[in-house]
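Reader: I have a structure open on my screen and would like to walk through it with you. Could you take my questions one at a time?

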Amino acid sequence: MAESKHDVVVVGAGGDGPALAWKLGEYGLDVLVLEAGPWHGNEKWERPHEEPGATASSDPDDLNGSLMDEQLNRREQETNDPVAGKLRVGPADRDRAPWFRNQPQNMFIWQVAAVGGTTIHYFGNHPRSYPLALDEQGHWPIDYADLVPYYQLIEEEAPVLPAPTTDKEALFYHGAEEAGYGLLDQKNVTDEGYRPQPNAIAHPDEKLRVENNYEGDFTYPDVEGSTLSGYHFQGGSLPLEAPVREKARKSSNVSWVPRALDTGNVTIRPNTYVTNVETEGILGTPTATGVEYRDTWTGETGTIDAEVVVAAGGCIETPRLWLNSDLPENEWVGKGLTTHWFDWVVGVFDEDAIRDAVGTDTVPPYVGQNSAARFDKPGVGGLESIGMSPALSSFAHYAFSQAG
């Protein structure tokens, strides 16, 4: 027997689920969001990796930015270890093993199980698609113009802003200009050139401009917005002491989750792994009636009924759930996965060359937003700068090199 019934059950509190819950909640629908991972920065889970805590939360007053600072600290190994780190894909109890992925080819699936999903460790990049990628390929059922209002909504709400320039971006722009390319100043990119990366990260406080010689401790409200500290990939809890919704990088748990809770119609339940979509009706065209789940702390199972079930588990979990449930066969499920297939270019510059280009002897990769400059060549692809916290920068530069 089902323990509860809702208008809508959303499976997954990552990049999409909370945004959908926000809009449905505004329409007055009763929405339950189920998330397999923990919830950081919520007072009902003060020790989310040590004890189960509460069952669910629907009150925006439960959100606590200082608690988020403690839980998503900047200790790189504690955060990023793929087996025991806070941001691995697996149960909140870090004494237990991560969830295993059987990969038939050489690949690395870098996921996070948590409220906020994999946006917990994303760069915040939000460039629009190239118009020709839709309009010049006949298999799309929509035109590029159909997407523009949705881009505009996200860009306004998040907000999405051109990334600020630090030394690493200045060097990138210098190289592009030396190669003969110009600055792009439009969001709908149809020409080749370079530009600041459109990021869902608040702009730095004016106090942080070089000429202002800021000497404070970078805490809120003394400093608002980006602190230009390259730790966004580890939870993005800066500036310190800011309320959750005032954190600079607008991951889903910072942007859409508070908005969803504000409606008064949305409940989010973490540590709840959905194992099956329940259905009834004619074979081949069933109607979803609810979900079965497993509590990731206790192992207990249960059922929740809903008028509508939305699968928002991402490109790995949604196909897994579909294929494990009694849902109609669809040839696209488990196919069409778009991966980050890239070449990683690392350079060592002569000090004089750096000084001539940007006026400094070194370019620390961990200063500024993680990926804040890009070059676009529609129809071919793009280049973007990458800079992360010290250990992650070293790992990437060596692991992705010919030598490493």
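Author: Gladly, and please keep in mind that this is a predicted model. A good place to begin is helix α8, whose buried residues are covered by elements that include β1 (5-11), β7 and β9.

Reader: Which residues of helix α8 are the buried ones?

Author: Helix α8 spans residues 314-324. Buried here means under 20% relative accessible area, and Glu317, for one, has 15%, so it is buried. The buried residues of the helix are Ile316, Glu317, Thr318, Pro319 and Leu321.

Reader: A buried glutamate catches my eye. Which side chain does Glu317 meet in a salt bridge?

Author: The partner sits in the loop between α3 and α4, 216 residues apart from Glu317 along the chain. That partner is buried, because its relative accessible area is 19% and the cut-off is under 20%. The N to O distance in the salt bridge is 2.5 Å, and the partner is Arg101.

Reader: Let me turn to the strands that help cover the helix. How many bridges join β7 to β8?

Author: Strand β7 covers residues 272-280 and strand β8 covers residues 287-295, and they run antiparallel. Two of the facing pairs are Thr272 opposite Asp295 and Val277 opposite Val291. The number of bridges joining the two strands is 8.

Reader: Which residue in the turn between β7 and β8 has a positive phi?

Author: The two strands form a hairpin with 6 residues between them. The phi in question is about 115°, and the residue is Gly281.

Reader: What about the next strand along: which glycine has a positive phi in the turn between β8 and β9?

Author: β8 and β9 (residues 301-311) pair in the antiparallel sense over 5 bridges, with Glu292 standing opposite Thr303. They also form a hairpin, with 5 residues between the strands. Its turn holds a residue with a positive phi of about 80°, Gly299.

Reader: Where does β1 come in? Which residue of that strand forms a salt bridge with Glu307?

Author: Glu307 is in strand β9, and its partner in strand β1 is 302 residues apart from it. The partner's relative accessible area is 53%, which makes it exposed, since exposed means over 50%. The closest N and O atoms of the pair are 3.2 Å apart, and the partner is Lys5.

Reader: Is His6, also in β1, buried or exposed?

Author: His6 lies in strand β1. Leaving aside neighbours within four places in sequence, His6 contacts Asp30, Leu32, Ile304, Asp305, Ala306 and Glu307. Its relative accessible area is 14%, and the cut-off is under 20%, so His6 is buried.

Reader: Now for the interior. Which element supplies the largest share of the largest nonpolar core?

Author: This core has 28 residues, and those touching the most other members are Val31, Val33, Trp39, Val266 and Ile268. At least two residues each come from β1, α1 (17-26), β2 (31-34), α7 (252-262) and β6 (266-269). The largest share, 5 residues, comes from α7.

Reader: How many residues are in the other core that lies apart from it?

Author: Among the members of that other core are Val11, Leu34, Val291 and Leu321. Val291 is the residue of β8 that Val277 faces, and Leu321 is one of the buried residues of α8. The size of this other core in residues is 12.

Reader: Back to the outside: which residues form the nonpolar patch on the surface?

Author: One member is in the loop between α3 (76-80) and α4 (131-135). That member, Phe108, is exposed because its relative accessibility is 57%, against a cut-off of over 50%. Together the patch residues have about 330 Å² of accessible area, and they are Phe108, Trp110 and Phe395.

Reader: One last thing. Which residues do salt bridges with shared partners join into one network?

Author: By contrast with a network, let me mention a pair: the side chains of Asp361 and Arg355 meet in a salt bridge at 2.6 Å, N to O. Both count as partly exposed, because Asp361 has 36% relative accessibility and Arg355 has 35%. As for the network, salt bridges that share partners join Arg195, Arg374, Asp376 and Glu384.

Methods: Residues are numbered from 1 along each chain as its sequence is written. This is a predicted model: local features need pLDDT of at least 70, side-chain atom pairs count only at pLDDT 80 or more; totals for chains, interfaces and linings use all residues. Side-chain values use heavy atoms; hydrogens and water are left out. Patches are made of residues with over 30% relative accessible area and no salt bridge: like charges are joined within 9 Å, nonpolar side chains (Val, Leu, Ile, Met, Phe, Trp, Tyr) within 5 Å. Accessible areas come from the Shrake-Rupley method with a 1.4 Å probe; for residues, only the protein chains shown count as cover. A salt bridge is a side-chain nitrogen of Lys or Arg within 4 Å of a carboxyl oxygen of Asp or Glu. Helices (H or I, at least four residues) and strands (E, at least two) are DSSP runs, numbered from the N terminus. Buried means under 20% relative accessible area, exposed over 50%, partly exposed in between (1.4 Å probe, protein chains only). Two strands pair if DSSP finds at least two bridges between them. Contact means heavy atoms within 4.5 Å. A nonpolar core is a set of buried Ala, Val, Leu, Ile, Met, Phe, Trp, Tyr and Cys residues joined through side-chain atoms within 4.5 Å.
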